[in-house]
Amino acid sequence: MVEDRRPVKVVIPDAKRDYHSRPPGGGAKKPFAAPADHVEKLLEQLAVIEQTFGAALAQQPPIPVVVRVKMKEKAIAKSHRPFELFTNDTCPIIGAQDLGELLVSVEQRGLQKLRSKMNYPTKNNKIALTKIESIEPYAVAQVVGIDGIDELRQLVKREGVTLKIRLFDHRDRFRNAHLQQSFYSLVKAIAPHDDAIRLQYGRGLNLFKLKVKTVNALDALVGFVGVQSVDEMPGFVVGVQEVTYGPITDDIIPLPTEGVDYPVVGLLDSGTFRSNTRLQAWVVSRDEQDVPPGDQDNRHGSFVAGLLINARGLNHNDPRFPSGRCKIFDAVVIPKAGGNPHPEDDLLTSIRRVIDAHHKQVKVWNLSISSLKAVCSDLAFSQMSIALDEIQDKYGVTIVTCTGNLKPDKVCPWPRNNGAVGESDRMFPAADSVRAVSVASLAHKESHDSISKKEQPSPFSRRGPGPAFHPKPELSHYGGNCNARGDFAQTGILSVDQMNVVERVGTSYSTPLISNLLGGLRHMVAK
């Protein structure tokens, strides 16, 4: 038989002629309605900015400052941004904060040129000016965020506080270098016995850690023009409230079947009990470099491990639970609490080191942790989630994390249209990680006084969305149910601790069910 071959013509693209930006649409630019004295008011606001930041702008070399340009409500689209006014030659736009709010880098020379453009505007500049609502200094209220300056002052007065400080990124290495040097000089003056430690979270994040012991030192930091945000260093915990049922039996945690090629899931947690020999039979390796045995509390890690190993068998062979079994890479990254949460920067350092060392062997990592304080924002991704995204991109791994739990006295039914809840039930960082799979909780059982019915969201489960309406969480699985007092006997998830079968509830335990499924899928695809 003669083969029917058809010619193929290869066209080599010309980088100069074939690749180009899509031309802007929307037709001709049109001005927005504005009062006759609108430009004069903006010029007055520039005068206030110059007065507010006069000392920094007068320095040689000058310290760049930041102002907020608020766009009118109908001009929040990117296509309306006033790039004609705020250029590299005047005051460049370096970022955005709230919806329709631009951050602009300002120096004295650029401020003068901006004023000149506003006094003698071109046609395009006139149109751009009509889209601007106001130009304001970046103030203390934006620096301290949800904590508020009064709360931070109280923390300092009690025992001092470790702060996470973010400096502005002016998108210019010379400006940034001068700004950072000025920051170090300030720290030396206000805290001569403490160093500002640079934190490695991700590209473009100028983050530092500093222990502050006086209110005067705090006020000086918050008032420094180069600081974008000051927060108490976040902490993370794992919950261990449980009900004990009985000893572990052979069918609860069976031994691995010889010759079976099981998937391996990385467990970023508090570690598993070494004395639980049935658990240890499923542990392929253990990394406890950052948390030595004397600093460990293995209850939470063991519970999560049991669900990775035999979730269905532990939960009365309920067919809604995964039947697959996973072996475990046991990475101990959370020490026992000792009354204090584990600092975010220490946790992140451990996660980065562990995944760097073992990412070729382990592609799915379970991270069932919760923050103690800040909920995810509408406006920006958390710094923890940015760091986790960078780790996942770099190493080609997937982290599965939980949305977090409401406190037992705050549990409530769904749908949550109660004004008393407001935004307080939003998920915790780092569930807003774009690359991670975030997991909420469903109720698999109900009782006469439980808040949720079967298959409804658990009454303690936190919700999305992520920043910028990013759809989070992606998935839900069973994490238990409870009543209005937070009691969960007979409606929780079963797994193991050191010697016994125990019952708990939480998004920490719906998360490993998804890790189990994802680990099995990736293992099958890799074969």
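This note goes through two sheets, one helix pair and one serine in a predicted model.

1. The seven-stranded sheet. Seven strands make up an open sheet in the order E12-E13-E11-E15-E17-E18-E19, and the pairing in this sheet is parallel. Its edges are formed by strand E12 (283–287) and by strand E19 (475–478), each of which pairs on one side only. Going from one strand to the next, the twist averages 25°.

2. The pairing of E18 with E19. At the E19 edge of that sheet, strand E18, which covers residues 437–442, runs parallel to E19 and is joined to it by four bridges. For a reader who wishes to find this pairing in the structure, a convenient place to look is Ser-441, which stands opposite His-477 in E19.

3. The three-stranded sheet. A further open sheet has three strands in the order E14-E9-E16, and here the pairing is antiparallel. Strand E14 (342–343) and strand E16 (370–371) are the edge strands, each pairing on one side only. Strand E9, made up of residues 235–237, runs antiparallel to E14, and two bridges join E9 to E14. Within this part of the sheet, Phe-236 stands opposite His-342 in E14.

4. The packing of H2 against H4. Helix H2 (residues 38–52) and helix H4 (residues 108–119) have axes that come within 10 Å and cross at roughly 170°. Because angles over 145 degrees count as roughly antiparallel, H2 and H4 are roughly antiparallel to each other. On the H2 side the contact is made by Val-39, Leu-42, Leu-43, Leu-46 and Glu-50, and these meet Gln-108, Leu-111, Leu-114, Arg-115, Met-118 and Asn-119 on the H4 side. Sorted by character, the residues of this contact comprise seven nonpolar, two polar and two charged.

5. The setting of Ser-182. Ser-182 belongs to helix H8, which spans residues 173–190. Its relative accessible area is 15%, and since buried means under 20%, Ser-182 is counted as buried. When neighbours within four places in sequence are left aside, Ser-182 is in contact with Ile-63 and Phe-224. A colleague looking at this serine may therefore wish to view H8 together with those two residues, given that Ser-182 is buried and has Ile-63 and Phe-224 as its contacts beyond four places in sequence.

Technical notes:
Residues numbered from 1 in each chain as written. Predicted model: local features only at pLDDT ≥ 70, side-chain atom pairs only at ≥ 80, totals over all residues. Heavy atoms only, no water. Buried < 20%, exposed > 50% of the residue type's maximum accessible area, 1.4 Å probe, protein only. Contact = heavy atoms within 4.5 Å. Pairing = 2+ DSSP bridges. Axes fitted to C-alpha atoms, helices over the stretch in contact; angles between N-to-C directions. Parallel < 35°, antiparallel > 145°, perpendicular 65-115°, else oblique. Nonpolar A, V, L, I, M, F, W, Y, C, P; charged D, E, K, R; others polar.
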